[in-house]
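Me: I have a model open and want to go through its packing with you. Let's take the empty space, then the sheet, then the helices.

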Amino acid sequence: MSRFRLLPSPEEAAVLGEHCRHARFVWNLAVEQQQHRQPGRQAPGYHEQCAQLTAARAEYDWLAAGSQTVQQQALRDFAQAMRNFFHGTHRRPAWRKAGKHEGFRQVGVKPHHIKRLSRRHGQVWIPKVGWVRFRWTRDIPDTVKSYRVTLDRSGRWHIAFTAIPESVPGPANGSVVGVDRGVTVSAALSTGELLHAPGLNAGETERLRRLQQRLARARRGSHRRARTKLAVARLRARETDRRRDWVEKTTTNLARRFDTIRVEDLHVRAMTRSARGTRECPGTNVAQKRGLNREIHRQGWGLLVTRLKHKALGRLEFVPAAYTSQRCSACGHVAPENRKSQAVFQCVACGAGPCNADVNAARNIAAGRAVTARGDLGASRSVKREPQLCSPAA
């Protein structure tokens, strides 16, 4: 994806907003039909839904006033989302909410639909809108066939042209680096470098806290609440932009410097699940877990690995994360006592250290060392496992 800032006029933004509402309406209808599916009563497929959309456009003028290609593409996207769900690669498609999921996709883009006006600006043709200007910050491939227009919570329009980017070539010298992701240190490299993802400064953090307090006191539906939500969204967008910029620069630097990049095989979605529990079985340390989840998301763990997959294509390797922080990178001794504190590591067997605990873990990752609780390598089944007794039912 190549994303650019879209610069619509107020009149153009109004029509773009209508496209977003129509696409969201059609998507939510498809979700509702899928939820009413029962054994013996299948949900309608894409072609049947397109026929239903044609009948609905003939009956409702407000729906017919929109772009048919935008609405049909929402159905096509839903069909693809259901295929991804049945293949086990994505979650089940859910409802789209106003103010949160604002966007639509356009296909059948031709080269003459995109024009460059100057060094910094271009324009794109959007159905029912016409030519809309956008900031031209990088080259757009001629193979672009579709684009997606989105509106974030801070009120900024973006357009993303679908194109497969080329991977970043490595140095071809056989160099290997290990990357340990953490909360205090966003990414520690086996070379000893400590990388920190930027966020809001102290003044911006204090302003965000005050805005959130004001938002909690504001009456729902009031103009004051809407202005406060917009101010909070703009601060959040500033933090997100800084993190994305850091991830892009960091991943490009790693892909250019090293031939092989090894990271921990972490399931970030499972690690950031809520600890609230249920009313019958409430969770414990919910506030602490919520704070940890917030910090994990703030460090951009998932985005960092995703961009490394794109830029270092075929050169990214995953290492099991078990005991990488308790193993000595010098002698291989594994013990919880090796970790003196969050930041200090010193081996109790060989006395190596003290050194930064995250750097020590990154060196273990670079070496591809995965250790199980029994002290053997975790690449294959342990030969030290105790014999398991069979149950009577077996």
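Me: This is a predicted model. Which residues line the largest cavity?

Reply: The lining draws on ten positions of the chain, given here in sequence order. They are Ala23, Val70, Gln73, Ala74, Asp77, Arg96, Gly103, Phe104, Arg105 and Arg148.

Me: Which elements give two or more residues to that lining?

Reply: A helix and a strand meet that condition. The helix gives the most, with four residues. The two elements are H4 (68-86) and E2.

Me: How does the lining divide by class?

Reply: Ala23, Val70, Ala74 and Phe104 are in the lining, and Ala, Val and Phe count as nonpolar. Asp and Arg count as charged, and Gly as polar. The division is four nonpolar, two polar and four charged residues.

Me: How much space lies in the largest cavity?

Reply: The count comes to one cavity of 30 Å³ or more. The space in the largest cavity is about 40 Å³.

Me: Turn to the sheet. Which strands stand at its edges, and why is one side of each left without a neighbour?

Reply: The sheet is open, with seven strands in the order E2-E6-E7-E1-E5-E4-E3 and antiparallel pairing. Each edge strand has a single partner strand, so one side lacks a neighbour in the sheet. The edge strands are E2 (102-107) and E3 (114-116).

Me: By what angle are neighbouring strands turned against each other on average?

Reply: Direction is ignored for this value. The average turn between neighbouring strands of this sheet is 30°.

Me: Which residue in E5 does Trp125 stand opposite?

Reply: E4 (residues 121-126) and E5 (residues 130-135) pair in the antiparallel sense over six bridges. Opposite Trp125 stands Trp131.

Me: At what angle does H1 run to E2?

Reply: H1 (residues 10-35) lies across E1 (2-7), E2, E4, E5 and E7 (157-161). Its angle to E2 is about 90°.

Me: What is the orientation of H6 and H8 to each other?

Reply: H6 (residues 223-257) and H8 (residues 286-299) have axes 9 Å apart. They pack at an angle of about 55°. Roughly parallel needs under 35 degrees, and roughly perpendicular needs 65 to 115. H6 and H8 are therefore oblique.

Me: Which residues make that contact, and how do they divide by class?

Reply: H6 brings Arg236, Glu239, Arg243 and Trp246. H8 brings His297, Arg298 and Gln299. The contact divides into one nonpolar, two polar and four charged residues.

Key: Residues numbered from 1 in each chain as written. Predicted model: local features only at pLDDT ≥ 70, side-chain atom pairs only at ≥ 80, totals over all residues. Heavy atoms only, no water. Axes fitted to C-alpha atoms, helices over the stretch in contact; angles between N-to-C directions. Parallel < 35°, antiparallel > 145°, perpendicular 65-115°, else oblique. Contact = heavy atoms within 4.5 Å. Pairing = 2+ DSSP bridges. 1 Å grid on protein atoms, 1.4 Å probe; cavity = no way out; pocket = protein on both sides within 12 Å on 5 of 7 lines; lining within 4 Å. Points joined across faces, edges and corners; volume = space filled by probe spheres on them.
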